Every structure is written in structure tokens, then in C-alpha cells.
Amino acid sequence: MENVSHTLAGFALARGGLGKTTPLATTALVGGANLPDIDLAWSSFRSALVYDHYHRGWTHSILGFLVLTSLWWLTLLAVDRWLLSGRTADRTSPGSLLLAAALGIGSHILMDGAARGQWRGPLTANMGVALFVLYAGLCAASHHAAQARIARMATALPGGTSRQVATLPHPGDPLRWEWIIADASSVRHGVIGALPFFDLAGASGAVLARNLDAPAVEALLKTCAGEVVSEFFRFPFATIEEGPDGGRDVVVRDARYTRQGRGFAVYSARLGADGRPIINRDECP
Ligand SMILES: [Zn+2]
């Protein structure tokens with residue numbers, strides 16, 4: 001999820017009243033709401049594959065929550081003690097500061113989890129509670145309603161029943177959700193309102209062919225690069241495209257993030273004369 005969203009969640013928690021509990025609480029919430037992405041410091045330089053492998057790793061886990069909350073809390077206590085001592089009228093409460101740090105960091109991990117569609121089944125209740133806090137109830141209700149509509153849509157589709165379904169936030173719009181319904185051969189996607197009333201006119205969705213059984217794609221997925229792609233991409237689909245210099249590339253995208261162009265969550269490899277992808281093993285983690 002974008003850091004703008006995490007920052008807004010931090011400020012929402014602060015404005016909800018938590019920001020007034022102690023000096024530095026707003027800093028603890030807003031800073032904490034972005035802190036798990038500190039993994040960008042060691043995941044974003046070497047190559048796109050290293051990034052996909054390490055980003056959202058342990059810093060987005062329960063262990064990461066405990067470690068980051070402790071370190072962030074100690075940092076804020078140190079800042080309070082050595083930089084701010086005597087400058088504010090209110091006394092800092094270590095307990096409230098710990099709570100703010102934990103809620104900020106917890107909001108990040110929950111929001112990234114919700115964006116990845118991981119909280120399903122029995123965890124839906126937990127997710128509802130988390131979003132109730134983060135979005136003051138409206139967003140949680142909106143999400144549940146959209147999920148039910150998408151589940152009905154998925155069962156109404158012809159063909160097999162083994163489908164993967166995701167309900168993803170639509171940027172800046174708590175009333176509409178992006179949906180993805182995938183089976184072995186296609187990824188359908190579109191935007192749906194929490195209620196039919198909120199549906200956008202003419203938004204019926206689109207279908208992408210996955211092409212995962214094409215020989216070049218199958219060959220790619222067996223390489224070290226393919227392992228990372230399979231691990232990070234939840235809705236992979238592949239195309240064979242002409243590269244800028246006229247050669248042919250096999251391109252795999254994660255439909256959650258990118259459906260065209262080359263940016264985030266895209267992996268491409270040049271196809272050799274034999275039609276097999278050429279992988280630079282140095283890029284693999
Ligand atoms: Zn994150």
C-alpha cells in the first residue's frame with residue numbers, strides 16, 4: 001500500500017484522539033504507520049527481484065511488529081528525554097507513547113495485509129475490527145458489502161469453481177473497491193461499489209489471459225527469477241511483447257498492481273533465438 005495511505009491512517013488515528021494522549025503521540029502514530037517499509041532501505045537497490053523477495057518480509061510480521069514497536073518506542077523516549085526535555089508543558093507518558101507506536105505500526109501491517117487480500121475466512125471479523133478503527137466504520141462496512149457482491153459475481157461465472165478472489169482498495173475512494181477474480185486461464189478485474197448504487201457507469205470489468213502454460217512462460221517460471229515471481233506475484237499473468245529494440249520479451253505482471261507498461265510488480269526477460277527466456281542469475285536473491 002502507498003505510504004500516502006499509511007500516513008493518512010496515522011493522522012486519522014491521531015485526530016481520532018490518540019494524538020492528544022501524550023507529547024510525540026502524533027509522531028509515534030504517523031512515523032510508526034510508515035516504519036515497516038524501512039525494509040526498502042535494503043530491498044530497493046540491487047534489482048527488482050531482490051526488492052520483490054525482501055519487501056514486506058519480516059518487518060511486516062508479528063515479529064517485526066514487536067521489534068519495530070520496541071525500537072520506535074525507545075527512540076521516541078530518547079528524543080523526548082534528550083531533545084525535548086523541558087520544552088513542552090505536558091509530561092510525556094511512556095505508556096501512551098508505547099500504545100501510539102504500536103497502533104501506528106500495527107495499522108501499517110493490517111493495511112498491507114488487507115491490501116493483499118490475506119485476511120479472509122475466519123479473519124474477516126478481525127479485519128472488520130481493524131478497519132473500523134482505521135476508517136471509522138464506514139470503510140469496513142463498505143468492504144464487507146463489496147466482498148459479498150464480488151463473491152456472488154464469482155459464483156455466477158461459468159466454468160470451474162477453483163477461483164482466487166481479491167477485494168482491493170480503490171485509491172482515495174472508500175465506497176468502491178477493485179475486484180480480481182482469477183482462474184487458471186484468466187484474470188478478470190474491475191471496480192465495484194459497496195452497493196449497486198455506487199457502481200460507476202459503464203464499468204463492467206476486463207479479462208486478461210494468464211498464458212501461464214505458454215512454453216516461454218513455463219520455462220521462465222522454472223528459473224530462479226520465476227521462483228521469486230511465483231512467491232511475490234499473487235495474480236501473475238504473462239504476455240510476449242516486442243521490446244524497444246525489436247527483440248521479443250516475455251513479461252509477467254501481477255494483476256493486483258500493474259496491467260500494462262513496465263513498472264512495479266513486472267518482470268521481463270528477453271527471449272533467445274530458441275524461444276527460451278534469458279535470465280541474468282546475478283539478479284536473483
Ligand atoms: Zn508496507
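1. **After H1.** Gly17 follows helix H1 and has a positive phi, near 125°. Helices here are DSSP runs of H or I with at least four residues, strands are E runs of at least two, and both are numbered from the N terminus. This is a predicted model: local features need pLDDT of at least 70, side-chain atom pairs count only at pLDDT 80 or more, and totals for chains, interfaces and linings use all residues. Residues are numbered from 1 along each chain as its sequence is written.

2. **Overall make-up.** The protein has ten helices and seven strands. Of its 285 residues, 33% count as buried. Buried means that 20 or more other C-beta atoms lie within 10 Å of the residue's own; exposed means 12 or fewer; partly exposed is in between; C-beta atoms are placed from the backbone. Take the contacts between residues at least 6 apart in sequence: 53% of them join residues at least 24 apart. Two residues are in contact if their C-beta atoms, placed from the backbone, lie within 7 Å.

3. **Helix H1, length and faces.** H1 covers residues 3-15. Its 13 residues should span 18 Å at 1.5 Å a residue, and the end C-alpha atoms are 18 Å apart, which agrees. The expected span is 1.5 Å times one less than the number of residues. The buried residues in H1 are His6, Ala9, Gly10, Leu13 and Ala14. They cover an arc of only 140° around the axis, which puts them on the same side of H1. That arc is taken from the directions from the helix axis to the C-beta atoms. Val4 and Arg15 are exposed, on the face turned away from the buried side.

4. **H1 against H2.** Two packed helices are described by the angle between their axes and the distance between the axes. H1 and helix H2 (residues 25-34) pack at about 155°, with axes 8 Å apart. Axes are lines fitted to C-alpha atoms, for helices over the stretch in contact; angles run from 0 to 180 degrees between N-to-C directions. H1 and H2 are therefore roughly antiparallel. The classes are: under 35 degrees roughly parallel, over 145 roughly antiparallel, 65 to 115 roughly perpendicular, and the rest oblique. The crossing of H1 and H2 is right-handed. Right-handed means that the near helix is turned clockwise from the far one by less than a right angle; anticlockwise is left-handed. Residues of H1 in this interface include Asn3, Thr7 and Phe11. Those on the H2 side include Ala25, Leu29 and Ala33.

5. **H1 against H6.** H1 also packs with H6, at about 135° and with axes 10 Å apart. This pair is therefore oblique. The crossing is right-handed. Ser5, His6, Ala9, Gly10 and Leu13 of H1 meet Leu103, Gly104, Ser107, His108 and Met111 of H6.

6. **The loop into H2.** Leu24 sits in the loop between H1 and H2. Its phi is near 75°, a positive value in a residue other than glycine. Most residues other than glycine have a negative phi. Leu24 is buried, with 22 other C-beta atoms within 10 Å.

7. **Helix H5.** H5 covers residues 62-83. The expected span for its 22 residues is 32 Å, and its end C-alpha atoms are 31 Å apart, which agrees. Gly64, Phe65, Leu68, Thr69, Trp72, Trp73, Leu76 and Asp80 are buried. Seen down the axis, they fall within an arc of 145°, so they line one face of the helix. H2 and helix H6 (94-115) are among what covers them. The other side of H5 has exposed residues, including Leu63, Leu74, Arg81 and Trp82.

8. **Leu40.** This residue is in helix H3 (residues 40-43). Leu40 counts as partly exposed, with 14 C-beta neighbours inside 10 Å. Its C-alpha atom is 6.5 Å from that of His55, 15 residues apart along the chain.

9. **Two loops by the strands.** Ser185 lies between strand E2 (173-182) and strand E3 (186-193). Ser185 touches Ala209 and Arg210, not counting residues up to four places away in sequence. The C-alpha atoms of Ser185 and Ala209 are separated by 6.1 Å. Asn211 is in the loop between strand E4 (206-209) and helix H9 (215-221). Its phi is positive, near 60°. Asn211 is partly exposed, with 18 other C-beta atoms within 10 Å.
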